[in-house]
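Open the model in your viewer and keep the selection panel at hand. The stops below say what to select next and what is there.

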Amino acid sequence: MVKQNQQTIIGYIGTYTKGNSKGIYRFTLDTVEGKISTPVLAAELTDPTYITISEDNKHLYAILKEAGSGGVSAYSINEDSSDLTYLGKQLTPNGSSCHISIDSEKHILVTSNYGDGIIEAYQLQKDATPLPVSSTIRHEGKGPNKDRQEKAHTHFAGFTPDEKFITVVDLGIDKVITYKIHNGVMEEVNSLSVAPGSGPRHLTFHPNGKFAFVMAELVPEVIVLSYDSLNGRFSELQTVRTVPEDFSENNQGSAIHISADGHFVYAANRGHDSIAVFQTNHATGNLTLVELVSTEGHWPRDFAIDPSGKFLVASNEESGNLTLYSRNESTGKLTLLQKDVQVPFPVCVKFLQG
């Protein structure tokens with residue numbers, strides 16, 4: 001039994017199922033010892049690269065790939081053992097997605113599909129299982145990077161803090177687009193174009209709801225945005241570099257997350273293999289670099305701050321290891337605790353909330 005308590009926090013990892021990877025893995029974080037356990041298989045399925053957990057900790061949803069189709073898979077989370085029990089799935093004729101989000105009331109799942117440049121919405125039944133896709137939107141266009149922006153590539157779809165809108169980030173067309181959703185049907189309400197060729201990838205909101213921070217993939221930058229919650233409109237405020245000025249090797253931005261108090265933004269660099277730590281200005285939204293910390297592995301695809309706010313776990317996809325840091329809540333700085341936790345091709349890290 002691995003029941004979550006103040007000392008033990010449960011985490012799950014979505015992976016690419018290549019090599020010896022088989023699906024979703026589970027681990028425990030001991031907050032007293034400052035140590036994470038060896039991950040164990042929690043659910044077997046193909047390429048659950050991104051997962052999301054409901055706010056009440058009762059359900060986990062994963063994207064999946066099956067027979068050339070994409071879709072979503074639903075699981076219940078056992079309150080005592082943290083085991084996952086399969087509930088059901090929905091497949092679409094489109095390819096597999098790369099990101100999934102759920103609203104706080106467990107009414108809607110939204111996914112983004114990089115290869116097809118689409119977003120899809122799934123309504124959930126009372127038993128928390130997904131219905132067939134209720135709405136699909138396909139983005140059109142391209143960007144100046146001929147290798148990576150030959151067409152639209154949606155990479156993130158998530159809810160605004162008040163859940164009035166869905167925010168979508170498209171790497172292929174350099175846009176952040178806002179949608180409203182009614183009766184499961186999405187409709188565009190606003191769109192912001194960022195710097196051509198920047199390739200925006202992921203987004204996180206400040207807890208005050210006034211600012212958002214976008215990680216670019218094709219240039220080493222975080223884009224700071226102001227956000228108007230009345231009409232779902234974004235405006236650009238600042239861009240900050242995430243790697244040293246003299247670093248000229250291949251680097252691709254990946255994940256971006258913010259501390260619960262909104263004081264610090266963390267952004268991962270694949271290639272430089274680091275996490276950039278920024279302090280936020282609550283009045284202006286602007287970021288100031290605090291430090292760059294090695295992820296002690298190759299190609300950090302994602303990371304997560306634990307519910308206590310005292311730890312951060314990064315997933316290095318290509319080197320197949322998790323890295324654990326303690327987090328100074330006053331300075332935002334990270335201190336290495338553990339780097340040898342093996343898990344094959346990890347992508348996404350999510351914790352049960354306290």
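Begin inside the protein. The largest cavity holds about 60 Å³ of space. The model is a predicted one, and its count of cavities of 30 Å³ or more comes to one.

**Stop 1: the cavity lining**

Select Tyr50, Cys98, His155, Arg201, His202, Ala255, Arg301, Asp302 and Val347; these residues line the largest cavity. Two elements give two or more residues to this lining: strand E17 (200–205) and strand E25 (300–305). Sorted by class, the lining has four nonpolar, two polar and three charged residues. Keep Arg201 and Arg301 of this lining selected; both return at later stops.

**Stop 2: the largest pocket**

Now move to the largest pocket, whose volume is about 1,400 Å³. To find its centre, select Thr204, His257, Ile258, Lys350 and Gln353, which are the closest to it of the 44 lining residues. Then colour the strands that each supply at least two residues of the pocket lining: E5 (51–53), E9 (99–102), E13 (154–159), E17, E21 (252–258), E25 and E29 (346–351). The pocket lining divides into 20 nonpolar, 15 polar and nine charged residues.

**Stop 3: salt bridges**

How many salt bridges are there? The count comes to eleven. Three are visited here.

Select Glu317 and Arg301. They form a salt bridge in which the closest N and O atoms are 2.8 Å apart. Glu317 is in the loop between strand E26 (311–316) and E27, while Arg301 is in strand E25, so the bridge ties together parts 16 residues apart in sequence. Is Glu317 buried or exposed? Glu317 counts as buried because its relative accessibility is 4%, under the 20% cut-off. Arg301 is also buried, with a relative accessible area of 13%.

Next, select Arg148 and Glu217, another salt bridge, with 2.8 Å between the closest N and O atoms. Arg148 sits in the loop between strand E12 (130–138) and E13, and Glu217 in the loop between strand E18 (211–216) and strand E19 (221–228), so this pair joins parts that are 69 residues apart in sequence. Glu217 has 3% relative accessibility and counts as buried. Add Arg201 and Arg270 to the selection: with Arg148 and Glu217 they make up a network of salt bridges. Arg201 is the residue already seen in the lining of the largest cavity.

For the third pair, select Arg26 and Asp83, whose side chains meet in a salt bridge at 2.9 Å, N to O. Arg26 belongs to strand E2 (residues 23–30) and Asp83 to the loop between strand E7 (69–77) and strand E8 (84–92); the pair links distant parts of the chain, 57 residues apart. What is the accessibility of each partner? Arg26 is buried at 13% relative accessible area, whereas Asp83 is partly exposed at 36%.

**Stop 4: a hairpin**

Select residues 321–327 and 334–342, which are strands E27 and E28. The two strands pair in the antiparallel sense over six bridges. Arg327 stands opposite Leu334 in E28. E27 and E28 form a hairpin with six residues between them. Within the turn, pick out Gly332, which has a positive phi of about 80 degrees.

**Stop 5: positive phi outside glycine**

Most residues other than glycine have a negative phi. Two exceptions are worth selecting here.

Ala67 has a phi near 50 degrees, a positive value in a residue other than glycine. Ala67 is found in the loop between strand E6 (59–66) and E7. Is Ala67 buried or exposed? With 82% relative accessibility, Ala67 counts as exposed.

Asp273 also has a positive phi, about 55 degrees, although it is not a glycine. Select the loop between strand E22 (264–270) and strand E23 (274–280) to find Asp273. Asp273 is buried, with a relative accessible area of 13%.

**Stop 6: Ser226**

Finish at Ser226, in strand E19. Which residues does Ser226 touch, leaving out those up to four places away in sequence? They are Lys210, Phe211, Arg233, Phe234, Ser235 and Leu237. Add Ala212 to the view: Ser226 and Ala212 are 14 residues apart in sequence, and their C-alpha atoms are 6.3 Å apart in space.

Notes:
Residues numbered from 1 in each chain as written. Predicted model: local features only at pLDDT ≥ 70, side-chain atom pairs only at ≥ 80, totals over all residues. Heavy atoms only, no water. Pairing = 2+ DSSP bridges. Helix = DSSP H or I, 4+ residues; strand = E, 2+ residues; numbered from the N terminus. 1 Å grid on protein atoms, 1.4 Å probe; cavity = no way out; pocket = protein on both sides within 12 Å on 5 of 7 lines; lining within 4 Å. Points joined across faces, edges and corners; volume = space filled by probe spheres on them. Nonpolar A, V, L, I, M, F, W, Y, C, P; charged D, E, K, R; others polar. Salt bridge = Lys/Arg side-chain N within 4 Å of Asp/Glu carboxyl O. Buried < 20%, exposed > 50% of the residue type's maximum accessible area, 1.4 Å probe, protein only. Contact = heavy atoms within 4.5 Å.
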